Amino acid sequence: MDFSNTLIRQLIQLLNQKTPYTDTALAHQLGITQSVILQYLHILQNVGLDIHLVSDHTYQLKQPIRLCDTQLITKYWPDYLKNKVALKAHFSVSSTNDEIKKMNMMKPIKVCVSDHQTAGRGCQGRSWISSLGSGIYYSYAYQRKNNSATLAGLSLTVGLALIKTLLQFNISDLSLKWPNDVLWQSKKIAGVLIELTGDIKQDYHLVIGIGLNLCLSPKSHQALNSLASDLYRITGKMIDKNKLISEITIQLYDHLSKFDRMGFSYFTDDWNQYDAYRDQLVVFHVGSKKYQGIGIGVNNTGHFLLSTDHQNRVSFPSGEIQVKSSAERWCSRPESNR
Ligand code: BTN
């Protein structure tokens, strides 16, 4: 099925309505046969839509969903952003991080969003659950000159931009898990996957992929062992996805401009205020090596700092953190949303 098909978008808009539609009425509205409608409904269910059979042959979405809409996203942008950012919204792509690399537009910054991903990628080769309506799948790309500040601390800066976005929507109890994750009460709600194309010694392109959980299905939530949460579970309401995408872009632009000029040190204190593992006993994994100690924040290059048993302070440029008490959770992590 061609998901760029506007019919699919129209079908979702009809299923979103307060009054449920019969398959015959849907077919009539869209000018297609009832059997095609049934095929579409089946496919939409397979990509994650919770379609409720209200009564015989009558359908409605259990939870109305908003589709990405370029007009609604850019509506809230200041003029400087409209001039600088080329935005593309898709219904379904394999991965927005891949799709953005194909975008050929004249503006310095590209943003690509999709309502669904068929092959969403997380960090360390994990997958990212990307069902329709359950999250924001977002990529931001721009060319970076090799004389800009170092890349150290970039993913931390992006995490901070996401925190600032969510604060605008009155979401509190947020923290940052070094280096990539945004947590709410210790549960992961967003992750960042940064990729680089071109030659780092010359000018290169940065692709910053962001996955933010909006409303995980009960099945996905269970599959993530309840170690993840989403904005619907946190706030009890569906936050306007287009407004969120708009604000993410505003905050990213602001944070990345500062990062490119001044490096991570500009954000160190701010980041440390949201550090999920401050003063906690953690095990830091670097390859097959493990280091135990108390998390004491990050330094000016964004390296994670651990105070070890011997009162030494060790800094780590890369690795993964495990809270001491959650050893058994660590075992298998097929998806990265947690
Ligand atoms: C993580 O493992 O925490 C990073 C998850 C990043 C997921 C996002 S969704 C949009 C973009 N496209 C992808 O395939 N991955 C990133």
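A backbone N or O atom of Arg121 lies 2.7 Å from a nitrogen atom of the ligand, a polar contact in the sense of a pair of N or O atoms within 3.5 Å. Two side chains add contacts of this kind: an N or O atom in the side chain of Ser95 is 2.8 Å from an oxygen atom of the ligand, and an N or O atom in the side chain of Lys188 is 2.6 Å from an oxygen atom of the ligand. The protein covers 100% of the 410 Å² of accessible area that the ligand has on its own, where areas come from the Shrake-Rupley method with a 1.4 Å probe.

This is a predicted model, in which local features need pLDDT of at least 70 and side-chain atom pairs count only at pLDDT 80 or more, while totals for chains, interfaces and linings use all residues. Residues are numbered from 1 along each chain as its sequence is written, and side-chain values use heavy atoms, with hydrogens and water left out.

Around the ligand there are 20 residues, of which Ser95, Arg121, Cys123, Lys188 and Ser336 come nearest; a residue counts as near if one of its heavy atoms lies within 4 Å. By class, this shell has 7 nonpolar, 10 polar and 3 charged residues, with Asp, Glu, Lys and Arg counted as charged, Ala, Val, Leu, Ile, Met, Phe, Trp, Tyr, Cys and Pro as nonpolar, and the others, Gly among them, as polar. The elements that give two or more residues to the shell are α6 (96-102), β6 (135-144), β9 (187-198) and β10 (204-213), and the largest share, 4 residues, comes from β9. Helices (H or I, at least four residues) and strands (E, at least two) are DSSP runs, numbered from the N terminus.

Further along the chain, strand β11 (residues 281-286) pairs with strand β12 (residues 289-298) in the antiparallel sense over 6 bridges, pairing being defined as at least two bridges found by DSSP between two strands. Val286 has Lys289 of β12 as its bridge partner, and in the turn of this hairpin, which leaves 2 residues between the strands, Gly287 has a positive phi of about 55 degrees. Strand β12 is also joined, by 4 antiparallel bridges, to strand β13 (residues 304-308), where Ser307 stands opposite Ile294.

Two loops hold backbone features of their own. Trp178 and Pro179 are joined by a cis peptide bond with omega of about -5 degrees, and Pro179 lies in the loop between β7 (174-177) and β8 (181-184). His57, in the loop between β2 (51-55) and β3 (58-61), has a positive phi of about 60 degrees although it is not a glycine.

Note on methods:
A polar contact is a pair of N or O atoms within 3.5 Å; within protein, one must be able to donate a hydrogen and the other to accept it, and residues adjacent in sequence count only if both atoms are side-chain atoms.
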